[in-house]
Amino acid sequence: MKVHTLDKAELISEVQFGSNLNHAVEAGRRADFALMMSLLSNDLRENTPVEKINEKKVTEDLLRQRFQLADAQTLRSNEESYSRSAAQAYQFHNGGIASAKLQHGLAPDAMAYMPQDTCDLPEEIYHNLSGHQRRQLESGNEIFNAIPQDLYNELVTAKRHSEMNFYV
């Protein structure tokens, strides 16, 4: 009977023993001290008070909306970048550097103007490729992903044609 009560004892901290733990240490009762220490939980999460924190999901878009900020500056040029840079140049020529900075603050321009239609390669590398290599880059991985359904029939037909031409 006592075994079952010891198994179900939920002792989390030494405070639950009261002064019994101190008396066992002072009196030199090592067996009692060892028994009381073994009854304590080994799980640190039970010994340490933990508060649950309600985390609110905060994304960059929510922060921009909350603080009424403009859209983030794009890293790479796109179709709108050229019109933005033209507007910024117009403001610089008509109003000076302060006007250009204001225009950039309101509608930030792209950080880098990368060449278009070069499959993300620098222009000097792209122009050194052969036409066949450029065609492969433009088609992407479609060549490797497309396996004909009748591949076996085409191979057999090609073998038969080669055998007929061999005997002629």
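Arg134 is a residue of helix H9, which covers residues 131–139. The structure is a predicted model. With a relative accessible area of 25%, Arg134 is partly exposed, because that class lies between the limits of 20% for buried and 50% for exposed. Leaving aside neighbours within four places in sequence, Arg134 is in contact with Tyr126, His127, Asn128 and Leu129. For His127 there is also a polar pairing: its backbone oxygen lies 3.0 Å from a polar atom of the Arg134 side chain. Thr118 is 16 residues from Arg134 along the chain, and the C-alpha atoms of these two residues are separated by 8.6 Å.

The chain as a whole is described next. The protein chain has eleven helices and zero strands. Of its 168 residues, 10% count as buried. The accessible surface comes to about 15,000 Å², and carbon and sulfur atoms hold 56% of that area. Among contacts between residues at least 6 apart in sequence, 49% join residues at least 24 apart.

Helix H6 spans residues 79–95. At 1.5 Å a residue, its 17 residues should span 24 Å, and the end C-alpha atoms are 25 Å apart, so the two values agree. At the N-terminal end of H6, Asn78 acts as a cap, with a side-chain oxygen 3.2 Å from the backbone nitrogen of Glu80. Just after H6 comes Gly96, with a positive phi of about 95 degrees.

Ser81 also belongs to helix H6. Its relative accessibility is 2%, and therefore Ser81 counts as buried, the cut-off being under 20%. Apart from neighbours within four places in sequence, the residues in contact with Ser81 are Arg76, Asp109, Ala110 and Tyr113.

Which residues form the nonpolar patch on the surface? They are Val58, Leu63, Phe67 and Leu69, with about 390 Å² of accessible area together. Val58 sits in the loop between helix H4 (44–47) and helix H5 (60–66). Val58 is exposed, at a relative accessible area of 55%.

The table sets out the relative accessible areas given above.

| Residue | Location | Relative accessible area | Class |
|---|---|---|---|
| Ser81 | helix H6 | 2% | buried |
| Arg134 | helix H9 | 25% | partly exposed |
| Val58 | loop between H4 and H5 | 55% | exposed |

Technical notes
Residues are numbered from 1 along each chain as its sequence is written. This is a predicted model: local features need pLDDT of at least 70, side-chain atom pairs count only at pLDDT 80 or more; totals for chains, interfaces and linings use all residues. Side-chain values use heavy atoms; hydrogens and water are left out. Patches are made of residues with over 30% relative accessible area and no salt bridge: like charges are joined within 9 Å, nonpolar side chains (Val, Leu, Ile, Met, Phe, Trp, Tyr) within 5 Å. Accessible areas come from the Shrake-Rupley method with a 1.4 Å probe; for residues, only the protein chains shown count as cover. A salt bridge is a side-chain nitrogen of Lys or Arg within 4 Å of a carboxyl oxygen of Asp or Glu. Helices (H or I, at least four residues) and strands (E, at least two) are DSSP runs, numbered from the N terminus. Buried means under 20% relative accessible area, exposed over 50%, partly exposed in between (1.4 Å probe, protein chains only). The expected span of a helix is 1.5 Å times one less than its number of residues. A polar contact is a pair of N or O atoms within 3.5 Å; within protein, one must be able to donate a hydrogen and the other to accept it, and residues adjacent in sequence count only if both atoms are side-chain atoms. Contact means heavy atoms within 4.5 Å.
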